[in-house]
Amino acid sequence: MRALLALISGALFGAGLHVSGMTDTARVRGFL
Amino acid sequence: MELSWIYGLIGGLMIGCAGAVLLLGTGRIMGASGLVGGLVDGTGRDRGTTAAFLVGLIGTPAMMTGLGWQVDTQVTTQLWLLILGGLAVGIGTRFANGCTSGHGVCGMSRLSVRGFAATLAYIGAGALTVTALRAGLGL
């Protein structure tokens, strides 16, 4: 169960990074 | 009207929820540098849980890209620069005893003074570095 919750957490984190555009280096540089 | 900010908001909410799921579900702070560091040097408490987290973290954006949600990620082809950058991030997060997810997302949401201080410090340092590199090297 812990592993499943960790997997879900990681998936949410990764999806959130992708959706927000934080995997786009140009966007991160623009943010800074 | 430009609506790209919506994606930032939704993504941020997802990241915040991810931190809550890990903390409430396993009792662990979602500090990526600490989780990865614990796996690398063998000091991590629950390697199976950490590995599952990393599978989700890395696999989900890869799967989203494969399903058509493309992100324009421009990564340098200069290997030495990638290695140098990775070392700088790794050493920096060890010095700070955390990173953006640990201090920024989890620490600040828990109203941790150390979280606020660390986040201000590394965002400030990052902004200064980008500004200096743009002014000095045109990067």
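Partly exposed means a relative accessible area between the 20% limit for buried and the 50% limit for exposed. Keep that in mind as you click through this predicted model.

**Stop 1: Trp69(B).** Select Trp69(B): its relative accessible area is 37%, so it counts as partly exposed. Now add Tyr7(B), which is partly exposed too, at 44%. Together they make an edge-to-face aromatic pair, with 6.4 Å from centre to centre and 85° between the planes. Tyr7(B) sits in helix H1 of chain B, while Trp69(B) is in the loop between H3 and helix H4 (79–96), 62 residues apart.

**Stop 2: the patch around them.** Keep both selected and add Leu3(B), Trp5(B), Ile6(B), Leu9(B), Ile10(B) and Leu13(B): with Tyr7(B) and Trp69(B), they make a nonpolar surface patch of about 790 Å². Click on Ile10(B), which lies in helix H1 (residues 4–26) of chain B. Ile10(B) is partly exposed, at 38%.

**Stop 3: the other ring pair.** The whole structure has 2 aromatic pairs. For the second stop on rings, select Phe13(A) and Phe53(B): their centres are 6.1 Å apart and their planes meet at 45°, so this pair is tilted. It crosses between chains, from helix H1 of chain A to helix H3 of chain B. Both Phe13(A) and Phe53(B) are buried.

**Stop 4: the core.** Phe13(A) and Phe53(B) are among the residues that touch the most other members of the largest nonpolar core, which has 14 residues. H3(B) gives the largest share, 4 residues. Finish on Met30(B), another of those well-connected members. Its contacts include Ser9(A), Phe13(A), Leu22(B), Phe53(B) and Val105(B).

Notes. Residues numbered from 1 in each chain as written. Chains lettered and ligands numbered in written order. Predicted model: local features only at pLDDT ≥ 70, side-chain atom pairs only at ≥ 80, totals over all residues. Heavy atoms only, no water. Patch = residues over 30% accessible without salt bridge, like charges linked within 9 Å, V, L, I, M, F, W, Y side chains within 5 Å. Areas by Shrake-Rupley, 256 points an atom, 1.4 Å probe, with all protein chains shown as cover. Salt bridge = Lys/Arg side-chain N within 4 Å of Asp/Glu carboxyl O. Helix = DSSP H or I, 4+ residues; strand = E, 2+ residues; numbered from the N terminus. Buried < 20%, exposed > 50% of the residue type's maximum accessible area, 1.4 Å probe, protein only. Core = buried A, V, L, I, M, F, W, Y, C linked by side-chain atoms within 4.5 Å. Contact = heavy atoms within 4.5 Å. Phe/Tyr/Trp six-rings, centres within 6.5 Å; stacked < 30°, edge-to-face > 60°. Lists of a residue's contacts leave out its neighbours within four places in sequence.
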